[in-house]
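Q: Please take a close look at the charged side-chain pairs here, and at the strands, helices and packed residues around them. A careful, connected account would suit me better than a list.

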Amino acid sequence: MGVSEKTKNLANGIKEDINRYGVNYKDLSDLLDIATDAMEREGTVQWGLKVTEYIKECCEYGIAHKIDSIPLYDLEWKALKCEAPYKFESFLLYMEKNRPADEKFYQPRINPLRQVAQAIQELADDLLDEIFINMPSRIGKTQIVKFAFVWFGSRNPELSNLYTAYSDKITKAFYTGCIELMTDPTYTYKEIFPDNKIVATNGDDETIDLNRRKSYPTFTSRSIYGTLNGSCDCSGLGIADDLFSGIEEAVSTDRQDTVWGKFDNNFMKRLKRKAKLINMGTRWALGDCQGRRRALLENNKEYRNRRHKVISIPALDENDESNFDYPYNLGYSTEDYKMSRASFEENDDMASWYAQCQQEPVERQGALFTSGGMRFYEPNNLPGGEPDRIFMAVDIAYGGGDYVAAPICYQYADEYYIVDVIFDDGDKFVTRPRVRDKILKHKIQAAQFEGTIVNSDYCEWIDDELRKTGYRLNLTMKPASSRQKKEYRIRDRAPEIRQMYFLKDGYRSKEYQKFIQNVFSFKLNGKNKHDDAPDSLGQLCDMRMGSYAVCEAVVRPW
């Protein structure tokens, strides 16, 4: 049913008055009454939400310009309450309307958790079928899906919703948390859903029924090892949260197979055709449940119509800054995460850092480079005097997310120090000037570029630019190897790479840190998405093993 012409005319008339005479409380309050009535009586929810969005914008304008500020502030809350059954973020905000600012969950964490809220809204609006949420621990991911679980069930209490995790203790906490959201007077649940009543709870079975007792309750929490078959059903929202108890279980291939069997054969079989799914937790290993589920969605043609989204937010962003430094001393600062990273590196367990904190699972059994097997130095501990040789290798990017990787090496006798790097996924107009500038900064004597005929002009441009400054070095270009041959070279040169000295954590630039991360991520088994950094080091080893007489570039023949 569409909005009636009478309702449209009333709303348009008020909007014209606002446009003509300016924002005022009375007109906006009347407009909210019209929107609320239309949503309740005429079922025109989408039209009503457009009106409430307009009202909120007007309220924000009026408050900013001190026009009826206090009444408009109250009216904005009323608009959020009107939206809350239909808009998840409005539900999150209004639920905590009466809580002190430092005790609210969502508002202090709105950045970056808004990404999660928006994806959950897409599930509710049937724009997605399932989502993946991967973020570090203790930053709010379980709490936001707890709000989502309650919101989904409260919108339509006749649907059954199912939550699972690795232990009864976790599911029990989730179950009691849901009851708290609906009954604690510091939340406004009863204002948003006044017709909903909890008619039955069962602490043993971890079930909650709204409005009437049903064969399959409105909410069920159940361990992945609990009784799912026959006793559980999911026609609304299903949530699979951290199905592994920890690192020991998650990295065991036997346990991966066991948990996947429980997930795919028991939990997934409880989901009805139209049910929505949230997969969440730490990405411990490529073969964990989330990894296998994503492989199905991304690689199996039978899943091509299954709409999904991955929300993966690492502890430290591309600038090496915390994504979760919340107000009121919530979350974790950049310093917190950097201390954690240093501890993982000291314990030779960077694989756990990448998995737990950066959401980049690394196969431990196949890791070729580990922090415990590498050598590190502090900048003030370089050998004295001038280096015997300064050289660099440049692995030119091929596009498709590849990086230009260029380690710069200072050689002192038989010791090699990687003092600087370029690790940049920009195009050639960004990276070529950077390579030129690094050559001039470090007074590099030899540089070897590895690329294809497609990017042969890369080296020529830099040669021309250096000639303009009068700088000369031994600059060479060699054909790039196939990806398979690159991996062979990395494996073959691994012992030499491990003998090089790299900057210690705490002394690295953000770019150097990304370069090292790419080195640690290289694995012997399976597919390496990007191997630019270790390959450039392999190329550097080729230069190291060869002759290095200083040569002067000659004029190219025309």
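A: A salt bridge is taken here as a side-chain nitrogen of Lys or Arg within 4 Å of a carboxyl oxygen of Asp or Glu. The model is predicted, so local features need pLDDT of at least 70 and side-chain atom pairs count only at pLDDT 80 or more, whereas totals for chains, interfaces and linings use all residues. Residues are numbered from 1 along each chain as its sequence is written, and side-chain values use heavy atoms, with hydrogens and water left out.

Searching the whole structure yields 42 salt bridges. In general, side chains of opposite charge can pair when their charged atoms come close. One of these pairs joins aspartate 129 to lysine 276, with an N to O distance of 3.4 Å. Aspartate 129 sits in the loop between H6 and strand E1 (130-134), and lysine 276 belongs to strand E7 (residues 276-280), so this pair ties together parts that are 147 residues apart in sequence. The helices (H or I, at least four residues) and strands (E, at least two) are DSSP runs, numbered from the N terminus. Both partners are classed by relative accessible area, where buried means under 20%, exposed over 50%, and partly exposed in between (1.4 Å probe, protein chains only). Aspartate 129 is buried because its relative accessible area is 12%, and lysine 276 likewise counts as buried because its relative accessibility is 7%.

A further pair is formed by lysine 504 and glutamate 378, whose closest N and O atoms are 3.4 Å apart. Lysine 504 is in the loop between E15 and H18, and glutamate 378 is in the loop between E9 and strand E10 (389-395), so that distant parts of the chain, 126 residues apart, are linked. Lysine 504 counts as partly exposed at 34% relative accessibility, and glutamate 378 counts as partly exposed at 21%. There is also a network, in which salt bridges with shared partners join Glu450, Lys478, Arg489, Arg493, Asp535 and Asp542.

The side chains of arginine 114 and glutamate 89 meet at 2.8 Å, N to O, in another salt bridge. Arginine 114 comes from helix H6 (residues 110-124) and glutamate 89 from helix H5 (residues 88-95), 25 residues apart, and the pair again links distant parts of the chain. Arginine 114 has a relative accessibility of 36% and therefore counts as partly exposed, as does glutamate 89 at 23%.

Strand E7, which supplies lysine 276, also leads to the packed interior. A nonpolar core is a set of buried Ala, Val, Leu, Ile, Met, Phe, Trp, Tyr and Cys residues joined through side-chain atoms within 4.5 Å. The largest such core has 119 residues, of which Phe88, Phe91, Ile144, Ile278, Phe369 and Phe449 touch the most other members. Contact means heavy atoms within 4.5 Å, and, leaving aside neighbours within four places in sequence, isoleucine 278 has contacts that include Ile120, Leu123, Ile131, Ile133 and Ile239. A second, separate core holds 21 residues, among them Val23, Ala35, Val51 and Cys82.

The loops of the lysine 504 pair adjoin strands E9, E10 and E15, which lie in an open sheet of seven strands with mixed pairing and the order E9-E15-E12-E11-E10-E13-E14. Two strands pair if DSSP finds at least two bridges between them. Strand E9 (375-377) and strand E14 (474-479) are the edge strands, each pairing on one side only. On average, neighbouring strands in this sheet are turned by 25° against each other, direction ignored; axes are lines fitted to C-alpha atoms, for helices over the stretch in contact, and angles run from 0 to 180 degrees between N-to-C directions. Within the sheet, strand E11 (residues 404-412) and strand E12 (residues 415-424) run antiparallel and are joined by nine bridges, with valine 404 having aspartate 424 as its bridge partner in E12. Helix H18 (residues 510-521) lies across E9, E11, E12 and strand E15 (501-503), at about 105° to E12, while helix H16 (residues 457-469) lies across E11, strand E13 (446-451) and E14, at about 170° to E14.
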